[in-house]
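I opened this entry to go through the open and enclosed spaces of a structure and the surroundings of its ligand. My notes follow in the order I looked things up.

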Amino acid sequence: MRRYGRGGNAMNRDEFFREMTKRICSTLDIRTALMRSYDFLKTAMPVFVLDLSLYDPESNKETKVANIRNGTMTDEAKLSEPLPDGISNELRNFWASMGEITVFNHPAPDRITNAVYRLAEYRLAEYRHAKSNDLSILVLRLELEGKRVGVLIIVAEGLDRFTEKHSNLVAILNEPFSMALSNALQYQEISRLKDMLADDNRFLHRELRARSGNEIIGADMGLKQVMRSVRQVAQLNSPVLLLGETGTGKEVIANTIHDSSSRKDGPFIKVNCGAIPEGLIDSELFGHEKGAFTGAVSRKRGRFERAEGGSIFLDEIGDLPLLAQTRLLRVLQNKEIERVGGTESICIDV
Ligand SMILES: Nc1ncnc2c1ncn2[C@@H]1O[C@H](COP(=O)(O)OP(=O)(O)OP(=O)(O)O)[C@@H](O)[C@H]1O
Ligand SMILES: [Mg+2]
């Protein structure tokens, strides 16, 4: 069996592949995944820098995704700093023409080796190497289903640090790293789109409310007195009780009060009190801590917390059991809630 590694850390190819794959696929946060990979990779070969970049063959551009130097994750802002022109032009030639694995064990006069070393020195300048040329560099072209997706770069301190064994080991990481990189990218894109959609949704809801909410039939006629009251209470911070026969527009008025108040840009949370099962009322309104009861697998914010900075509309409040109404009254009075299973009171501005 072929065994690689340093010191007591001899391991075989399969173990290496399994452990590295496990680590790079352990999370969709590609930075964390790379850090976990780094921690293991350094037991198998010399690693000073581990660097993961995207590569787009169409534009022949690489974009840094994550970079670890000496065990420390480089700031994201630093990654997007442009390279000096002389380096980036030569590197483009390299990205376009590179083989699956390229090892630079020492500087050489050809233009590509030169550019690769200048890139490494440029990136490592703040570490002030005694001899800045004293580096070995290994570059893996990342491919998925025949398509270039990125580049993995490993830099070690010292000359001639990478052996054929090392490059053979790194070569088997191509697929897991490419896959992890693609997944992370798609996940990022989906998260971005999801945030955008949520944002649009909020915006459109507000627009809709602004349009429909203004139209209260009878505002200048039969509901004149009601509208005067609405304007009065909308400026106050006190709770408002709306009473009326079914279908007389209590919900419409509740919307209008929120929209006419200084809280109109905050959330407007509606709770249909009659629809919450009795045992869940407290957790639904006030939230719960992780492990507060069977099934409380994570901490959850209640409706009151979600309404922070805005208004909460407790519809059909009369349908709540009397005990729950009493607890609610205390919350409305003190403006403080306690999550189920929690010990601290949380101040709310609702
Ligand atoms: N003054 C009004 N102007 C415009 N629409 C109104 C008005 N009053 C009631 N409506 C409409 O009538 C319907 C019932 O109103 P709403 O849901 O506010 O009543 P409610 O008082 O909450 O009734 P319930 O007690 O049955 O819940 C809604 O579609 C609402 O848009
Ligand atoms: Mg109603």
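I began with the second largest pocket and sorted its lining by class: 13 residues are nonpolar, five polar and nine charged. The model is predicted. I read the volume of this second largest pocket as about 610 Å³. It has 27 lining residues, and E62, T63, K64, L79 and S80 are the closest to its centre. Which elements give two or more residues to this lining? I found α2 (30-44), β4 (61-69), α3 (76-79), α4 (85-97) and α7 (174-213).

Next I took the largest pocket. Its volume is about 930 Å³. I counted 38 lining residues, with P239, V240, L241, I312 and L314 the closest to the centre. At least two lining residues each come from α8 (224-234), α9 (250-260), β10 (311-315) and α12 (322-334). By class I noted 22 nonpolar, 11 polar and five charged residues in the lining of the largest pocket.

Then I turned to ligand 1. Which residues are the closest to it? I217, T246, G247, K250 and E251 are, out of 13 that surround the ligand. I split this shell by class and got four nonpolar, four polar and five charged residues.

I looked up polar contacts to the backbone.
- I217 has a polar backbone atom 2.8 Å from a nitrogen atom of ligand 1.
- E251 places a polar backbone atom 3.0 Å from an oxygen atom of ligand 1.
- V252 has a backbone N or O atom 3.2 Å from an oxygen atom of the ligand.

How much of ligand 1 does the protein bury? Alone, the ligand exposes 630 Å², and 63% of that is buried by the protein.

Last, I checked for enclosed space. How many cavities of 30 Å³ or more does the structure hold? I found one. The largest cavity contains about 140 Å³ of space. I listed 13 lining residues for it; L119, A120, R123, I153 and V155 lie nearest its centre. Which element gives the largest share of this lining? It is α5, with five residues. β3 (49-56), β4, α5 (111-124) and β8 (147-157) each supply at least two residues to the cavity lining. I classed the lining of the largest cavity as eight nonpolar, one polar and four charged residues.

One cross-reference for later: β4 gives two or more residues to the lining of the second largest pocket, and β4 also supplies at least two to the lining of the largest cavity.

Notes. Residues are numbered from 1 along each chain as its sequence is written. Chains are lettered from A and ligands numbered from 1 in the order in which they are written. This is a predicted model: local features need pLDDT of at least 70, side-chain atom pairs count only at pLDDT 80 or more; totals for chains, interfaces and linings use all residues. Side-chain values use heavy atoms; hydrogens and water are left out. On a 1 Å grid over the protein atoms alone, a cavity is a set of points where a 1.4 Å probe fits but cannot get out, and a pocket is an open set with protein on both sides within 12 Å along at least five of seven lines; lining residues have an atom within 4 Å of a point. Grid points are joined across faces, edges and corners, and a volume is the space filled by probe spheres set on the points. Helices (H or I, at least four residues) and strands (E, at least two) are DSSP runs, numbered from the N terminus. Ala, Val, Leu, Ile, Met, Phe, Trp, Tyr, Cys and Pro count as nonpolar, Asp, Glu, Lys and Arg as charged, and the others, Gly among them, as polar. A residue is near a molecule or strand if one of its heavy atoms lies within 4 Å of it. A polar contact is a pair of N or O atoms within 3.5 Å; within protein, one must be able to donate a hydrogen and the other to accept it, and residues adjacent in sequence count only if both atoms are side-chain atoms. Accessible areas come from the Shrake-Rupley method with a 1.4 Å probe; for residues, only the protein chains shown count as cover.
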